[in-house]
Amino acid sequence: MTSRTVTLLDVARAAGVSKSTVSDALQGSGRVAAATRDRVRAVAEELGYRPNSAARRLRRSSTGAIGLHLPRTATRLDYYMNLAFGAVERAQEEGFDVMLLAPTSAGGGGDSGGSGDSAGPTSPAGAASPANGPIASRVDGLLVIDPEVDDSAVPGLLDAGVPVVTGERYLGPTAAPTGAVICDNAASLTALLDHVTERGARHPAVLAPAGTSAWATALRATADSWARERGVAVVLRTVPFAATPGEAEETTLALLRTDPSVDAVICAPDGAAPGVLRAAAALGRPVGPGALPAATPHARTATDTHPRTPLLIASCVDGTATRSAEPPVTAVDLRPAAYGRACAELLCDILAGRTTPDTVRRHAWALETRAST
């Protein structure tokens, strides 16, 4: 049926149900059996049905848009761009446009700013000021990604009068979000630390992110708790939330010159790991597990602090920089596009009544081991 627009009635006839049943099945409302809902959605997909967004918005007094608030540094990080694309893709499947909320000049501290709403859907261009009016009059719901306690915009977004889904928990004292999608960030850093010690490292270091987001807070706390539980000294250095390769290189050079016994560096910020590789090269430290001594409970020998002792390098965030590095860097794949989809899906489910408020969903990560460890 490609010569004209496919209608609800077309789907109803093909699925052998009423038009109202099709409407309920596609919107997740009413009392429609799961098997019927799945059949209707499959038929709609096969026929190429697309909802009339304008009509839907009029029926439910909807703006047809959701807002997306990202950390201020998002525009230069692959992770957040991939996450945003995933959120936009999932929202559009439900007939929603996505408005990127732009930081204001009076934004809060940390790595996120305040917010206004953008002039164009699904695009960061043309960002407008909050002075243009209450955000709740322009969007049906909000996605707030990696909210920081010291981002002055977040409390207002959480109290905007529309459903709010956060990507990661908000640790601040104000109103809780309507829902959240979270990763087990403590488990991912634990996996990296376990991995490098299994590969022979006995004195690892973590370049942990500054800031008050749940991700940054969890990584710093986990480095400390892992060290206590395993009885292994972990050197902790704090770097900017969105540290550049240059900043990571500078920190690593200072670290290895001060403590050459460090034999593994785990770099948290997205895209910063190549700076750690450059620091290793500058100091003549080969990267990889080839010549690391086997891990033993005994005291280190003098050779452990030799400047050419191999260095293991890993990252808490996978991306183009880690995959294309030489050697490729072991990293945690947080699956950002899928994460963005999951956040948008939860918000759409809440808006459509398919799930209840206060829903928390978990997002899976994967450890990608490469030549650097």
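So, to start: two strands count as paired when DSSP finds at least two bridges between them. Keep that in mind, since most of what I'll show you is about strands. And one caution up front: this is a predicted model.

Okay, let's begin with strand E1, residues 65-69, and strand E3, residues 141-145. These two pair in the parallel sense, and they do it over 4 bridges. If you want one contact to click on, take Ile66, whose bridge partner in E3 is Gly141.

Now stay on E3 for a moment. Is it buried or exposed? Well, 5 of its 5 residues are buried, so E3 is largely enclosed by the rest of the structure. Here's a general point: in a regular strand the side chains alternate between the two faces of the sheet. You can follow that along E3, with Gly141, Leu143 and Ile145 pointing one way, and Leu142 and Val144 pointing the other way. Both sets are buried.

On to the next neighbour. E3 also pairs with strand E4, residues 164-167, again in the parallel sense and over 4 bridges. Here the residue to look at is Ile145, with Gly167 as its bridge partner in E4. How do you get from one strand to the other? Through helix H6, residues 153-158: E3, H6 and E4 make a right-handed β-α-β unit.

E4 itself has Val164 and Thr166 pointing one way, while Val165 and Gly167 point the other way. All of those are buried too. Then E4 runs parallel to strand E5, residues 179-182, and 3 bridges join them. In that pair, Val165 of E4 stands opposite Gly179 of E5.

Right, cavities. How many of 30 Å³ or more turn up in a search of the whole structure? The search finds 2. The largest one holds about 140 Å³ of space. It has 14 lining residues, and the ones that lie nearest its centre are Tyr79, Tyr80, Asp146, Trp215 and Val317. By type, the lining divides into 10 nonpolar, 1 polar and 3 charged residues.

Cysteines next, since somebody always asks. A disulfide is a covalent bond between the sulfur atoms of two cysteines. For this model, the count comes to 0 disulfides. Take Cys267: its nearest cysteine sulfur belongs to Cys316 and is 7.7 Å away, and the cut-off is within 2.5 Å, so Cys267 is in no disulfide. Cys267 is also buried, at a relative accessible area of 1%. Cys348 counts as buried as well, with 1% relative accessibility.

Last stop, towards the start of the chain. Ser18 sits in the loop between helix H1, 8-15, and helix H2, 19-27. At 35% relative accessibility, Ser18 counts as partly exposed. And if you go from Ser18 to Leu8, that's 10 residues apart in sequence and 9.3 Å apart in space, C-alpha to C-alpha.

That's my tour, thanks.

Conventions. Residues numbered from 1 in each chain as written. Predicted model: local features only at pLDDT ≥ 70, side-chain atom pairs only at ≥ 80, totals over all residues. Heavy atoms only, no water. Buried < 20%, exposed > 50% of the residue type's maximum accessible area, 1.4 Å probe, protein only. Right-handed = clockwise from strand over helix to strand, strands pointing away. 1 Å grid on protein atoms, 1.4 Å probe; cavity = no way out; pocket = protein on both sides within 12 Å on 5 of 7 lines; lining within 4 Å. Points joined across faces, edges and corners; volume = space filled by probe spheres on them. Nonpolar A, V, L, I, M, F, W, Y, C, P; charged D, E, K, R; others polar.
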